[in-house]
Amino acid sequence: MSKLHTILVFAQNKRGVLERITILIRRKMYNLETITASDTEVEGIKRITITFTQGDADKIPQIVAQINKIVEVISVKAVDSANTVEREILLVKIKRPRNLSEITSLVNIFRGSVVDLSEQTVILQVAGERKKILGFITALKQFEILEIGSSGIVAMER
Amino acid sequence: MSSKKMNGASVLLKTLQDFGIEIMTGYIGGAIMPTFDELINFPGIRFITSRHEQGAGFIAQGYTRACGKLMPVMVTSGPGATNLVTAVADAMMDSVAFLAITGQVSTKVIGTDAFQESDIIGLMYPITKYAEMLLKADDVAEAVARSVFIAQNGRTGPVCIDIPKNVQIEETENIDAPKALDLPGVQTYPPIDPDLPEIKQAIDLIKEAKKPVALVGHGVILSQAKIELREFLEKTNIPASFTLHGLSSLPASHPLNLGMMGMHGEIEANRAIENADLLIALGMRFDDRVTGKLEEYAKNSKVIHIEIDPSEINKNVKADVAINGDLRNVLQVLIAKFDGLTKEATDSRQAWFDSINQNRELSRKYYKHIFEYGYGKNNRLLMSRIIHELSEFTKGQDNIVTDVGQHQMQAAKFYKFERFNTWFTSGGLGTMGFGLPAAIGVKIARPNEEVWCITGDGSFQMNIQELGTILQEKLNINILLLNNGYLGMVKQWQDMFHNENFTEVELTNPNFAKIAEGYGIAYRFVEKVEDIIPALQWSKQETRSTIVEFACDEQEIVYPMIPSGWTFDRMILNEDHALEILNKRK
Ligand SMILES: Cc1ncc(C[n+]2csc(CCOP(=O)(O)OP(=O)(O)O)c2C)c(N)n1
Ligand SMILES: [Mg+2]
């Protein structure tokens, strides 16, 4: 598993900010892994967490400087992972196994939950850091995975 | 808030006027008609109608580059706006303050692929500092104020306002822009702290440098650091080389002036950079045309980088000392703090200038045939000679606007600029078609000065329709058409790097005398060296615009040359050297 670089942006909630950021990422040929945007404690200000794959290490100061030039951006920095909490939510749909307890015990180990149960399928939810998410997916290999979706990473400095 | 009401179109024009806008350019069309309607109520704003929106964009650029003031460009939606895109991209690359005002279809039909609807904001985002669509007349005053501010502050550049037709018509009571704007991401530059550690570090490097060179870029012109640059160089006794856009920032006759650097730079400039122990980059961005092979560039030298845009620092070349700020201000601080070179540095200067002078001699030797003969292999005129004559004739005092190609490089090399900010060219984007409309803009900004548009047969025809704007505005511009019958610069590359495969570079050209006649422009044809000066004299005296067409040698090659991605030590010095290094000697 490759380590990710995380950039945390605070920006005014105006039309086009996210687009300008993604245009920049494409134009400069950075490898985007995840991007999330959400509200903050201050009205009108959005938190945008962007992660890049490891190959881009030397490009990080440049992308920070470039994002900083976007007019609506209030602050941007590359966060230090040792000093940051990073989490995402994973949803996995699997084919319903004969024995449900197999799956519930696995979900318990990862402190996740079964969020939907139908005749054919089960949807599981796990939240945590990327390592845990990837570990959970690996652990599910014995089941028939039908769909995977995740929220992308949200980062918060200590 | 005033209780007076105005429509969005009037508020837009009023706000521009409040910010000192005296002149606009552009082209009318359906979605912007309500704003054109209101022009009649703003007699303080002169409007120049171009013949193509790209032409308008370059007219505005010429004007702003020459006088520093904004000339908003107002065009219609769809094709009007897309035609403008190239000039906006060019302004972005060359950091020219620029305000595009594009009409848009009404908000009701946006997103329905309405007639002449295109996503201008989407097109403009990657090539502007800022772009926004206005959704309410209430927002117009503040938005215009915001755009004017962003275009002109920090590293200057283009901004776009997209204004739907109904917003232009809608009435509002918000007719005055707020005093304060909330723009967190716009970097402005208050004076730097003279006690910053970086200032001391820079001073220490400068004091000790034995073989320093200053790399002077567009930032010197944009920050109006004419006096400061000269004082800094003289006080520290450091020779200076110039990027394409740094030209004209120090008189060519100044003993510390080494001329242009980079791909077609002078031998003395490039060799100095190659051998330097300290490079002092002043408002430049280490473009690939300047560095050649990046991995080998500045390998043996320290680098001080002074730059207004923090994202340029360490982007291409790693700086040992970086100072982020307005160049003029930073130079003032450095001048004040500099208290002399170390003895070692002083002692080694003589050897440094000796080696520079040897390379100057070499240059002069290689250019001898230009100055003494002036014709190429086919016995037609050399562009370099024509520019040299122009330089002598005008004593380096006039405004030079160029297009893109060999004629541009020869103009950069052979015009000896003696006056600050008299050189106008498309550098970053290298847009053919820049010359003629930009010359119009320069002439409008400097009506009492002589403006020479140096163009090629290819480039001239990219915006030749702007001769109509000259006709309508009764402008007096001197057009020097350096006609070699080819897209010469591309042909040069084919010659050197594409096995002489001269594909699609030969042009069947029109009768330019007849074109001149059609537009009411005086015309002359020149094919002899001795006729150059008389033709220039004639052109200057004519009260109409003129075209002097020169029969140029299609075999002229611009030397020296550091081919794209090559290292400085492999600079191709002249034709003989080219045959050898490119293995073409038969
Ligand atoms: C709009 C545009 N299209 C293509 C080019 C590529 N290009 C660069 S120089 C050049 C030839 C220019 O020919 P001309 O204007 O006759 O100048 P010359 O080199 O012959 O002096 C071309 C095609 C360009 N720079 N701009
Ligand atoms: Mg040509």
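Two strands are taken as paired if DSSP finds at least two bridges between them, and the helices (H or I, at least four residues) and strands (E, at least two) named on this tour are DSSP runs numbered from the N terminus. The model is a predicted one, in which local features need pLDDT of at least 70 and side-chain atom pairs count only at pLDDT 80 or more, while totals for chains, interfaces and linings use all residues. Residues are numbered from 1 along each chain as its sequence is written, chains are lettered from A and ligands numbered from 1 in the order in which they are written, and side-chain values use heavy atoms, with hydrogens and water left out.

**First stop: the sheet of chain A**

Select F10(A) and S75(A): S75(A), in strand 4 of chain A, is the bridge partner of F10(A). Widen the selection to strand 1 (residues 4-12) and strand 4 of chain A, which run antiparallel and are joined by 5 bridges. Now show the whole open sheet of chain A, where 4 strands follow the order 2-3-1-4 with antiparallel pairing. Because strand 2 (32-39) and strand 4 (73-78) of chain A stand at the edges with a single partner strand each, one side of each has no neighbour in the sheet. Neighbouring strands of this sheet are turned by 15° against each other on average, direction ignored, where axes are lines fitted to C-alpha atoms, for helices over the stretch in contact, and angles run from 0 to 180 degrees between N-to-C directions.

Next, add helix 2 (residues 60-68) of chain A, which packs on the sheet and touches strand 1, strand 3 (45-53) and strand 4 of chain A, its direction making about 175° with that of strand 4; contact here means heavy atoms within 4.5 Å. How many residues of helix 2 of chain A are buried? The helix is mostly covered, with 7 of its 9 residues buried, that is, under 20% relative accessible area, whereas exposed means over 50% and partly exposed lies in between (1.4 Å probe, protein chains only). Among them are I60(A), I63(A) and I67(A), and the buried residues of this helix pack against helix 1 (17-27) of chain A as well as strands 1, 3 and 4.

**Second stop: where chain B meets chain A**

Show both chains and select the interface, where 21 residues of chain B are in contact with 18 residues of chain A. The buried area, meaning the accessible area (1.4 Å probe) that two parts lose on being put together, summed over both, is about 1600 Å² between these chains, with carbon and sulfur atoms giving 49% of it. On the chain B side, pick Y125(B), P184(B) and S311(B), which lose the most area to chain A and together make up 35% of what that side buries.

Then select D309(B) and K69(A), whose side chains meet in a salt bridge (2.6 Å, N to O), a term for a side-chain nitrogen of Lys or Arg within 4 Å of a carboxyl oxygen of Asp or Glu. The count between the two chains is 1 salt bridge.

**Third stop: backbone details in chain B**

Most residues other than glycine have a negative phi, and most peptide bonds are trans. Centre on Y559(B) and P560(B), joined by a cis peptide bond with omega about -5°; P560(B) lies in the loop between strand 20 (546-551) and helix 24 (575-581) of chain B. Move to A298(B), a residue other than glycine whose phi is positive, near 55°, and which is buried at a relative accessible area of 18%. Finish at N314(B), where phi is also positive, near 65°, and which is partly exposed, with a relative accessible area of 36%.
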